[in-house]
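Biologist: Before we talk about particular elements, I would like to hear the reasoning behind the terms you use, with the value and the criterion side by side. Could you take me through the structure in that way?

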Amino acid sequence: MGYEIVRDGITPALRIIVRFDRTTGLPGRRADLTAWSSIRRHAYDPSLEFAVACSFQGDVPVGEPNQAVAGYRALVDTLFRYVSRTSGRPVTASMVLPLDPVSIADRMETLSPLSVALTLARRRPGARGERLAIRERVRSSIAPWRLRSIASRAPLIRWARDAEAALAGYDGSGSRIQLARPAYRRGALHLWGLRWGGEHGIVVGPGSLPAVVFAARPFTPELLTGSVAITVWDDALTPGTAMCTYQGIDVDAAFERAAAILDELGIAVATGKFGREHPSLRSRIEAARNAAALAFARRLIPVLAEHDDGAEAAEARREMFRAVRAGVAAIGTVWVQLAAETRPATRLRLRGFLSGVPSKRDAPASPVDVLLDGSSSVRLDFPADPRADDDQALWALQPKWTLTQIGPFASEARMGPTGRLVPVLGFERAGEPEASLGELDVPAISPLFPEQPTISHATATGPDQVVGGTLAELVARMTCWTLAFTVHHDGLKHLDDLWITVEFDRPHPAPAAAMEVGRALTPLAATLLRFEAGYLSVASLLTHSLVTQTALSDRLGRVVTGLVDDVTDAMSTSPAGSTVLSGTEQTPTWVWRNRPNPDGSRSLFVRDGSPFPVITGCAPLERVAASAASAPDEGAWREAVYHLPKSVEREPLTFVLDRLDLLSHQTAIVSARVVRNAGTGFNPLLMRATGWSPPGSAIVPFIDVSVPLAVPPGSGSLEESIAVALAPFCQAGDRKGGDRVLHIDLAYRYPLTATEVPPQLIGTLPILSASFDPVRETSSKEIAANLIQTCRAWAQMFLPSYEGTWLSLSAVLMTDIVGTWEPLLAVRQLDLPWAPNSLQEVRVDHGTLHDDPVVGGAD
């Protein structure tokens, strides 16, 4: 008797199989018709109970009770007919009962032994004293069909393959049960089942400890610029030295190139490319490679700021050093350390593979098996290279692990000396069960420097129209202007912040300070440049036939030895790198965070009190105080989100800031820089930045109001109206600190035709044209008083008419900006109504006020 696990339709089922050979009879005695007649009578006893139990279902019987009894009776009938015959071949009978997938999912342990037992019982004793054997209940375990011991390798594999296929997807979600056997090959057969997949399978997830990403901090956070004396050699190894100037030097890239050169030199020495043996050169190259690995290991830091730099980090550094030492050129690798744990306390040994790295290929996560124990967490270390896809802001790490070894969580005594289980079907078979750690997002620290941004199309424009309101409101509207400029960037990465500084009203005559675009070469950078240039000049000799000459080989060995010694000293004493950006005295006004928010929007941070601009046609939304976790630094910031269309995300950004008051924002200087790996979520030691873009000339608005304006009625006396209208001319440009000149034209305007039907012909008589220089020493009231005095003298001479006529004022303010006179504000025509008493003079004579009307008024 035995059992098989088969598939009955779409559900797994248990098949109970009995094979009878009358030559052997029942176990322990020869079968006869009398005994089988008694068995058959017991089978049809109404009080009979028959049940099949499978350990995968726990205490839940297999199949319905009536179904199990009917199957048992059919099986007994088949065997009774065989026994009733006088002869015949051995017969096999079977019964199939469906397994309950829900019970398996709910009751099966993570690692459970596989067993099947049959129970035969009666609810009461027989009426005539008949008994089933000598007990009311009989329970017997049966083994897998045709399997007697663990040594039956081929039959066991066939049996396990069919059983696993029948159990696949038992919970409806693709989960599987992997069958395993003890590692030793003696004793009775014991099979175990390990559940994989779905919420009911082995759960391997990120542990309570955070993931750690180790990356190398840059030698300098910015590109370097400077001059260094470079020595090169010709084919005869004659040296020549010249001063060379370098711009935009990436020390990390130079370090990588130097490490690769050391590898090439080591290969050249080992393969005899120097023509003869140079033992000292071999040892010196080895020392230089060690110095390069140590210099890299000193710069290795955990990326996640919240990680406690403890024993795990120290071990990761040692592992990273070994990896770097094995291949010094591959120093762009980032070491990811992931905490994982299993639930429940099942001991597993897994071999890991990492999928979802930027290279889009599965990569081994660990070269050796890792033992996971549910009672504690374990660190899984694996390398990854972010340079394959620099556009990704986050790596969606999906570590997957395949089974290689199982250990039971229960007593191991019954498992034998080792207590180990191995899968029946081996490890290399396609479709092996996997446990996934799930997705874990970690920052992809980009080792590349961002591109320098540039500013273009900077404009300052006045209002489109000035209408309505009182005279004071007209003046306020005509002094509003709009600042617009475009920032060009060569594809901002998701980890980039765009810093923008808008400096208003820089004092004159101080010239616009040239912001630092690169810092001076460091000693390490200068040595690396000398080493690379020197090696490239002699590299061709390593394959030249003349190098076999003893004299040339000796000179070449001495040259290379000197280069290697210099770079070894520089790498051995190289500092970890500066964390201070140049140009830090220039604080950003706006910080555009290119990393998208969860809803796809992007954030702009502004200094508290600064206005929010319109960016590429999108207005700001949800203006709130920035939280300490998201703000660019510890200062007071406000945050707004912008929903840019997908089509413009990689296009240049256009910033528009309108409603600027000319009296408080009179000039603007704009500059920008890109800072990579910035923000509170990143370690500042890994920050890389460009210098500030050259600010260029100051942006000066020229507000030219060319539409005729009229002073509304009730604006006060003529002198008061002129003083109010000229007030912005006297105040605009005063923050520049340079000279200002105000040019004023005053004219008398009158109709030339008697008809009131427009258009009327208007005549103009100039009254005066004057310049006030410098303006800062004159107030608008003083200018208005002078103009009224001039008009009074003119009126006394020309006797103008006051009815239907008016005075017209035109004013242009010129300001000196860095030695160039530029117009700042112009009103082409401001019509001032007047009356016979408009030019009335108010004098103070010996403490008495009296009026002296102007004589005139003739037509």
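Biologist: How many helices and how many strands are there in the chain?

Modeller: The chain holds twelve helices and 43 strands, and I should say at once that this is a predicted model. Of its 859 residues, 48% count as buried, and among contacts between residues at least 6 apart in sequence, 75% join residues at least 24 apart.

Biologist: What makes β3 and β4 the edge strands of their sheet?

Modeller: The sheet is open and has six strands in the order β3-β6-β7-β1-β2-β4, with mixed pairing. Strands β3 (48-54) and β4 (91-98) each pair on one side only, and that is what the term edge strand refers to here. Averaged over this sheet, neighbouring strands are turned by 35° against each other, direction ignored.

Biologist: How do you know that β1 and β7 pair, and in which sense do they do so?

Modeller: Pairing requires at least two bridges between the strands, and β1 (residues 2-8) and β7 (residues 137-144) have two bridges, in the parallel sense. As one position in this pair, G2 stands opposite A143 in β7.

Biologist: Which strands does helix α2 lie across?

Modeller: Helix α2 (residues 65-84) lies across β2 (11-20), β3, β4 and β6 (116-122), and its direction is at about 175° to that of β4.

Biologist: Why is α1 called roughly antiparallel to α2?

Modeller: Two packed helices are described by the angle between their axes and the distance between the axes. For α1 (residues 33-43) and α2 the angle is about 160°, and the axes are 10 Å apart. Angles over 145 degrees count as roughly antiparallel, and therefore α1 is roughly antiparallel to α2. The crossing of α1 past α2 is left-handed. On the α1 side the contact includes L33, W36 and I39, while the residues of α2 that take part include Y72, V76 and F80. Taken by class, the residues of this contact divide into nine nonpolar, two polar and three charged.

Biologist: What makes the relation between α5 and α9 oblique?

Modeller: The axes of α5 (residues 251-270) and α9 (residues 523-538) come within 10 Å and cross at roughly 40°. An angle under 35 degrees would count as roughly parallel, and the roughly perpendicular range begins at 65; α5 and α9 are therefore oblique to each other. Here too the handedness can be stated, since α5 passes α9 in a left-handed crossing. Among the residues in contact are V251, F255 and I261 of α5, together with L528, F531 and Y535 of α9. This contact has twelve nonpolar, no polar and three charged residues.

Biologist: What makes β12 and β13 a hairpin, and which residue in the turn has a positive phi?

Modeller: Strands β12 (residues 224-233) and β13 (residues 239-249) run antiparallel and are joined by nine bridges, and with five residues between them they form a hairpin. L237 in the turn has a positive phi of about 60°. Within the pair, S227 stands opposite T245 in β13.

Biologist: Why is β32 described as largely enclosed by the rest of the structure?

Modeller: A residue counts as buried under 20% relative accessible area, and five of the six residues of β32 (residues 637-642) are buried, so the strand is largely enclosed by the rest of the structure. Strand β32 belongs to an open sheet of seven strands, ordered β31-β32-β29-β28-β26-β34-β35, with antiparallel pairing. In that sheet, β31 and β35 (688-689) are the edge strands. Six bridges join β29 (residues 602-607) to β32, where S603 stands opposite V641, and three bridges join β31 (residues 621-625) to β32, where A625 stands opposite R638.

Biologist: How do you know whether T587 is buried, partly exposed or exposed?

Modeller: The class of partly exposed lies between the limits of 20% and 50%, and T587, at 45% relative accessibility, therefore counts as partly exposed. T587 lies in the loop between α10 (550-572) and β28. Leaving aside residues up to four places away in sequence, T587 touches T501 and R607. Its C-alpha atom is separated by 9.8 Å from that of E503, which is 84 residues away along the chain.

Definitions and conventions: Residues are numbered from 1 along each chain as its sequence is written. This is a predicted model: local features need pLDDT of at least 70, side-chain atom pairs count only at pLDDT 80 or more; totals for chains, interfaces and linings use all residues. Side-chain values use heavy atoms; hydrogens and water are left out. Helices (H or I, at least four residues) and strands (E, at least two) are DSSP runs, numbered from the N terminus. Axes are lines fitted to C-alpha atoms, for helices over the stretch in contact, and angles run from 0 to 180 degrees between N-to-C directions. Contact means heavy atoms within 4.5 Å. Angles under 35 degrees count as roughly parallel, over 145 as roughly antiparallel, 65 to 115 as roughly perpendicular and the rest as oblique. A crossing is left-handed if the near helix is turned anticlockwise from the far one by less than a right angle, and right-handed if clockwise. Ala, Val, Leu, Ile, Met, Phe, Trp, Tyr, Cys and Pro count as nonpolar, Asp, Glu, Lys and Arg as charged, and the others, Gly among them, as polar. Buried means under 20% relative accessible area, exposed over 50%, partly exposed in between (1.4 Å probe, protein chains only).
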